[in-house]
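Trainee: Could you show me how to read the sheets and helices of a model, giving the general idea before the particular case?

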Amino acid sequence: MKLSIVPNVVWPRLSEFIADKMGLHFSPERYADLERGLAGAAEEFGFGDAGACADWLLTEPLTKAQLRALASHLTVGETYFFREKRTFEVLAESVLPQLMRLRRNSGRRLRLWSAACCTGEEPFSLAILLHQFIPDLADWHVMILATDINERFLQKAAAGFFGKWSFRESPPWFKQRYFRLAGDGRYEILPEIKKMVTFANLNLVEDNYPALATDTNAMDVIFCRNVLMYFTLPQAVKAVRNLRCALVDDGWLAVSPCEASQTLFSRFAPANFPGAILYQKSDAKIQTAPSWTPLVLTDSTPLAAPSPEWPVTLTSEKSEEEPAATAASPTPVAIAASLYERGHYAEAVDTLLTSIAKCDGPDAQPFSLLARALANQGKLADALSWCDRWIGADKLDAFGHYLRAVVLQELGDHEQSRRSLQRAIYLHPEFVLAHFALGNLARSCGRNDTADKHFSNASRLLAACPADDVLPESDGLTVGRLTEIISSITALGIAP
Ligand SMILES: C[S@@+](CC[C@H](N)C(=O)[O-])C[C@H]1O[C@@H](n2cnc3c(N)ncnc32)[C@H](O)[C@@H]1O
C-alpha cells in the first residue's frame, strides 16, 4: 500500500486522533509505521484501502472493541523475560525487603501491577522473582495485575506459551526451573506461576483508574516500562498522574531508564540505582514545567535518554491545584470529596479525621468517604471499621455493604464478603457491580459455574443500560467497559 492512497492532509489528523484515543505519538517521521498499522486495520475492518479506513476512523465514533482492534495494529510488542534486569535486581535487593518488613506483621499483602504487560514476560518475571525471593510465599496475599490495551497480546500472555526469543536475556536454569517444554518447541510457564498473574485489558489513557471495582488501587509497585516513551506529553502526564493515584503512600513506580524525566515524575522521589531508576510516591509539589520527548524510533533501536528537552506548559496538571476559594467556605466533607476525586486519598482522610467530631450524626457521607479513601490506600482494617460505621449510620445503603464486601475480599474473608454482597443485592437487586463482584469471588474460589451465573446476571443488567453510563460506586467505570471486561474474563478464561 502506498502512502499516497491516504491524502497527505489526513496523516496529522489521524496522528492526533490516535494520540487522543490511545496516547501513542506518531510524528511525521513515523507516518510509515502508521501506514503499516492502518493497512492492517483496514483489512481487519473490511475496507478495500487505507484511505477509506482513515476516513471512517475520523468520522465515525469507534466502539471500545474497535479501538482495541485498531490498537493491536499500532502497538509495539517488544518484550522479554527480565528485560532491563537491573530494575528487577533493585526490586529484589531494596524494594521488596523494605515492603516485606512493613507488611510481615500487618496483613502480608503485596500488590504489583505491570501496566503495559505486552505478551506477559514482564508480569511473569515479577511472579518468578517473588516466587524465588519469598520463601513463605504461600502465607502472603500476593496480587500481580497485568494489563495492556492490545487484546491479542493479552490472549498470548494468558495462554502462557513462550518462544526462545523471550528468553534471550535469561540463563538456562530459568527456563528449566519455571517452564516445561511444549510439543511445538515453545515453553509453557508452570501453573503455580501462571496463577499468580491476573490479566485484564486497560487503556492507560482512556480507562478510569484507580478503581476498587477493577482492583487497580493500592498498588505497592507499578511497572510501566517502555510505553510512556511512545506517548504524547499530555497523555504521558495523564497516565503518570493516574498511576500515582493508584499507588499506596510511598509506593514505587518503575519506568525504563530511557523514560526517566525529572519533571514528568516530579511528584515522585527518584531513587537512582546504578543501571535503574525507580520513583517513589511522595508529596513533593510540582516545581518545574515538564520536559519530555516521545521517542520516534522503534523499540529495537538502542535507547538513550530523551533529548533534546522539550519545555512546555503543563496545562493538564491544573487539576492538581486546590479548588479556587469561593465566597461560602466549603465544608470539610466537600473539601475531602474534592481531594478524593483528585486521588489525594491521604489528604482526604486527614481532612475528615480532623473534623469527624463535627461530622458525627445521622449523615453517612463522611464515613463512606473515609472508608473509600482508606480502601484506595490499601488500609483495609481501617477501611473495614469505617464501612461498619457507614452501615451503622445507614443500614439500607447497598453501597456500604458492597464496599465492605470488597474490603473483606481483599482481606481474604471470602465468606463474609459473599454475605455482604448478597445483602447489597437484596437491598438493590440491580446493583451491577455487586453481581460482578460475586462472580469474581466465585471464580477466585474455583466455582466457575456459579461465577458464570453471576457474570450473566451482571451482563443482563448491563445490556439494558446505555454504554456510556457510568456505573454507581465504580470510580468512573462505564457500562460498555464493564461489559467488555466481563466478556474478556469469560473469553480468556482468566482469573479476574
Ligand atoms: C514495548 S511494549 C513494553 C512491554 C513491557 N512493559 C516491557 O517493558 O518489556 C509496550 C506495550 O504498551 C502497550 N500499550 C501501548 N499503548 C497503550 C495504552 N494506551 N494503554 C495500555 N497499554 C498500551 C502495547 O500494547 C505494548 O504491549
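Mentor: We shall take the sheets first and then the helices. This is a predicted model, in which local features need pLDDT of at least 70 and side-chain atom pairs count only at pLDDT 80 or more, while totals for chains, interfaces and linings use all residues. Residues are numbered from 1 along each chain as its sequence is written.

Trainee: In what order do the seven strands of the open sheet lie?

Mentor: In general, strands of a sheet pair through backbone hydrogen bonds, either parallel or antiparallel. Here helices (H or I, at least four residues) and strands (E, at least two) are DSSP runs, numbered from the N terminus, and two strands pair if DSSP finds at least two bridges between them. The seven strands run in the order β6-β2-β1-β7-β8-β10-β9, with mixed pairing. β6 (197-201) and β9 are at the edges with a single partner strand each, so one side of each has no neighbour in the sheet. From one strand to the next the twist averages 20°.

Trainee: Which pairings illustrate the parallel and the antiparallel sense?

Mentor: Strand β1 (residues 109-114) pairs with strand β7 (residues 219-223) in the parallel sense over three bridges, and L112 has V221 as its bridge partner in β7. Strand β9 (residues 268-273), by contrast, runs antiparallel to β10 and is joined to it by six bridges, with P270 standing opposite Y279. These two strands, β9 and β10, form a hairpin with two residues between them, and in its turn G275 has a positive phi of about 80°. Strand β8 (residues 247-254) also pairs with β10 in the antiparallel sense, over three bridges.

Trainee: Why is strand β10 described as largely enclosed?

Mentor: The term to fix is burial: a residue is buried if 20 or more other C-beta atoms, placed from the backbone, lie within 10 Å of its own, exposed if 12 or fewer do, and partly exposed in between. Five of the six residues of β10 (residues 276-281) are buried, so the rest of the structure largely encloses this strand.

Trainee: What lies across this sheet?

Mentor: Contact here requires C-beta atoms, placed from the backbone, within 7 Å, and angles run from 0 to 180 degrees between N-to-C directions, with axes being lines fitted to C-alpha atoms, for helices over the stretch in contact. Helix α5 (residues 85-103) lies across β1, β7, β8, β9 and β10, at about 30° to β10, whereas α7 lies across β2 (141-148) and β6, at about 165° to β6.

Trainee: Which residues of helix α1 are buried, and how are they placed around the axis?

Mentor: An α-helix has 3.6 residues a turn, so residues three or four places apart point the same way. In α1 (residues 10-22) the buried residues are L14, I18 and M22. They cover an arc of only 35° around the axis (taken from the directions from the axis to the C-beta atoms), which puts them on the same side of α1. Their cover includes α2 (31-44), α3 (50-59) and α4 (64-74).

Trainee: Is L38 buried or exposed?

Mentor: L38, which is found in helix α2, counts as buried because it has 29 C-beta neighbours inside 10 Å. Leaving aside residues up to four places away in sequence, L38 touches A50, C53 and A54. From L38 to A54 the separation is 16 residues in sequence and 7.6 Å in space, C-alpha to C-alpha.

Methods
Contact = placed C-beta atoms within 7 Å.
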